[in-house]
Amino acid sequence: MLNLKLELEKVSSVVIAGHIRPDGDCVGSCLGLYLYIKKNFPKIGTVDVYLEKIPDSMHFLKDSDQISQEYPDRPPYDLFLALDSGDTQRLGEAVKYFTEAKRTICIDHHISNKGFADENYIVPEASSTSELVYGLLDPALLTKEMAEALYMGIAHDTGVFQYSCCSPKTMEIAGKLMAMGIDFSGIVDRTFYQKSYLQVQILGRALLESMMLFDGRCIVSVIRNKEMQFYGVTPADLDGIVSQLRSTRGVEVAIFMYESNVQEYKVSMRSNSFVDVSKVASYFGGGGHVRAAGCTMQGSMHDVVNNLTRQIEKQFEQETQQ
Ligand code: AMP
Ligand code: MN
Ligand code: MN
């Protein structure tokens, strides 16, 4: 297993980066680790954290204002820590620091991760990168602020301790973080459940326009660019729509996609019990987990839906043959 303490004792500059369009686990694991290194490794002169814009609701986390969204040219870092990213492309602009860094470490739980760093700590069974980060730290050196960040990450990636990736170990860790006096219900409510009125409206629209395929085993919903413009929403406002679709009774696979460019769609998939959506996403150049995955696809909306459902149909057929 990765010995993070040993690695950190050898370096004097560290960079932490997560994936593009950062989610709760990405933000929580990056900030939790950032706070831990800053506090417990004072000999490391430079500790930087790079992430694309994070949701406003996560600004309560300590040092969230220290996150850099600009990527200036600078001397190579001694150590690059890649968190919650399945491949180097997902690192976005921070990839340039990755390429230059003297040593690189990847901490991740995506099944599609092939191990792109010098040292790879990849545990697909783990609920979240935040859970993995917790396991690498000395619990005696954790502060309440670190606990807030890691708890948020775990809560988000488990759908608030609901998905099958949530294990007894996950709950034990969450319990220990909870015991540090964090406002656990407030964190979940403000960062996971609460939506702006615009988000509620676009969710309603997506549900209303959804369609059922394969005798109700697959639900699909698409939001076009003109709709996003009409409601004045950004891609970040569409988070959570696919989870809502997934909870429709009888559905095995939920697909949500939005037009990310001309003839280009960002696809999110969720499954309930047997379809491996990571396999489907990887087939189209994306990745993720068995029950939650994504990719970006080119073509018309109908082409994209057809191509996706053809792959999903194969898995439905295999299941009926068994
Ligand atoms: P999303 O549907 O965007 O919430 O993503 C579901 C899961 O799949 C997350 O764990 C993502 O990190 C992963 N994922 C989404 N899109 C991609 C992509 N284009 N390439 C690799 N992994 C992805
Ligand atoms: Mn993530
Ligand atoms: Mn994650």
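Leaving aside its neighbours within four places in sequence, which residues is Ile107 in contact with?

**View 1. Surroundings of Ile107 in the predicted model.** Beyond four places in sequence, Ile107 is in contact (heavy atoms within 4.5 Å) with Leu2, Ala82, Leu83, Asp84, Tyr121, Thr129, Leu132, Val133 and Leu136. The model is predicted, with local features needing pLDDT of at least 70 and side-chain atom pairs pLDDT 80 or more, whereas totals for chains, interfaces and linings use all residues. Residues are numbered from 1 along each chain as its sequence is written, chains are lettered from A and ligands numbered from 1 in the order in which they are written, and side-chain values use heavy atoms, without hydrogens or water.

**View 2. The manganese ion (ligand 2) and its protein donors.** His19 (NE2), Asp23 (OD, listed twice) and Asp84 (OD) lie 2.2 to 2.7 Å from the ion, donors being N, O and S atoms within 2.8 Å of the metal (3.2 Å for Na, K and Ca), and the site may look incomplete because water is not among the atoms. His19 is buried at 4% relative accessible area, while Asp23 is partly exposed at 27% (buried is under 20%, exposed over 50%, partly exposed in between, with a 1.4 Å probe and protein chains only).

**View 3. The manganese ion (ligand 3) and the bridging Asp84.** Asp25 (OD), Asp84 (OD), His109 (NE2) and Asp157 (OD) lie 2.1 to 2.2 Å from this ion, and their spacing along the chain is D-x58-D-x24-H-x47-D. Asp84 coordinates both manganese ions, ligand 3 and ligand 2, which are 3.6 Å apart. His109 is buried at 2% relative accessibility, and Asp157 is likewise buried, at 16%.
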